[in-house]
Amino acid sequence: MANQRHLALLKAGAETWMEWREKFPQVEPDLNGADLQGIDLSKVNFSHASLVQVNLSGSDLSGAFFYKANLKEATLREAKFSVANLSGARLIQADLSYANLIGSDLSEANLKDAAIADANLIGTDLRGANLRGADLGTAKLIRTNLSFANLIATNLTGADLSNANLYEAEVMGAYLYKTDLYKSNLSNAHLSGAYLVRANLSETDLNQADLRWANLKGANLTRANLKGANLRGANLSGVNFQEAILPES
């Protein structure tokens with residue numbers, strides 16, 4: 001249950017909240033379980049705050065500061081997080097479905113088992129983030145930075161990852177059916193056992209990628225760079241390798 005004094009300060013308005021936070025920076029706000037649905041909280045400072053199971057669905061959190069905040073199991077459906085700072089935040093099992101996260105900073109955030117389907121993450125920074133088991137089905141991840149991210153067993157069915165950076169990302173066992181990876185950077189990525197059936201990997205950089213036992217049936221690898229890639233045991237039936245750079249035998 002939320003600290004009622006902290007909740008009252010927040011509901012008094014962004015200016016009151018910010019003044020209190022500046023005066024008592026050592027205090028870690030407790031807003032656990034609070035219903036803040038639909039409130040304009042843009043540019044508010046929630047750094048190190050505890051927001052476990054909070055309801056912020058539909059809220060405007062553009063430019064808000066959630067550095068290392070605890071948002072475990074929070075309801076954030078359709079929330080607006082554009083250019084917000086969520087670096088190091090704990091978002092385990094949070095619901096971010098349909099949320100707008102354009103240009104936000106989620107580097108090193110923990111999004112394990114989070115629901116992020118249909119969310120807009122264009123240009124989002126997810127370097128080193130933990131997305132293990134998360135649902136990113138049909139999410140927009142164009143130009144997203146996922147280098148060194150943990151995407152093990154993540155659902156990326158139908159997601160748009162065109163021009164995304166997945167350098168050295170852990171993508172083992174991930175589900176990427178019909179995923180668009182056009183011109184993405186998957187160099188040195190770990191994709192063993194990944195399900196890439198009918199995925200678009202045209203002009204993708206897969207240099208030194210580990211694709212052992214991956215299922216690439218019907219995938220499009222036109223003009224892809226597979227130099228140094230490990231394809232041992234991979235299912236390559238129906239793959240389009242037109243003009244692709246293949247590994248040396």
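Me: Why are helix H1 and helix H2 called oblique to each other?
Reply: In this predicted model, H1 (residues 4-11) and H2 (residues 14-23) pack at about 130°, with axes 6 Å apart. Angles run from 0 to 180 degrees between N-to-C directions of lines fitted to C-alpha atoms, for helices over the stretch in contact. Under 35 degrees counts as roughly parallel, over 145 as roughly antiparallel, 65 to 115 as roughly perpendicular, and the rest as oblique; H1 and H2 are therefore oblique. A helix here is a DSSP run of H or I of at least four residues.

Me: What makes the contact of H1 with H2?
Reply: Arg5, His6, Leu9 and Leu10 of H1 meet Thr16, Trp17 and Trp20 of H2, contact meaning heavy atoms within 4.5 Å.

Me: What makes the protein as compact as a globular protein of that length?
Reply: The protein has 2 helices and 0 strands (a strand is a DSSP run of E, at least two residues). Its radius of gyration, taken over C-alpha atoms, is 20 Å, close to the 18 Å from the globule rule for 249 residues, so the protein is as compact as a globular one of that length. The rule is 2.2 Å times the number of residues to the power 0.38. The C-alpha atoms fill a box of roughly 65 × 25 × 20 Å along the principal axes.

Residues are numbered from 1 along each chain as its sequence is written. Local features need pLDDT of at least 70, side-chain atom pairs count only at pLDDT 80 or more, totals for chains, interfaces and linings use all residues, and side-chain values use heavy atoms, leaving out hydrogens and water.
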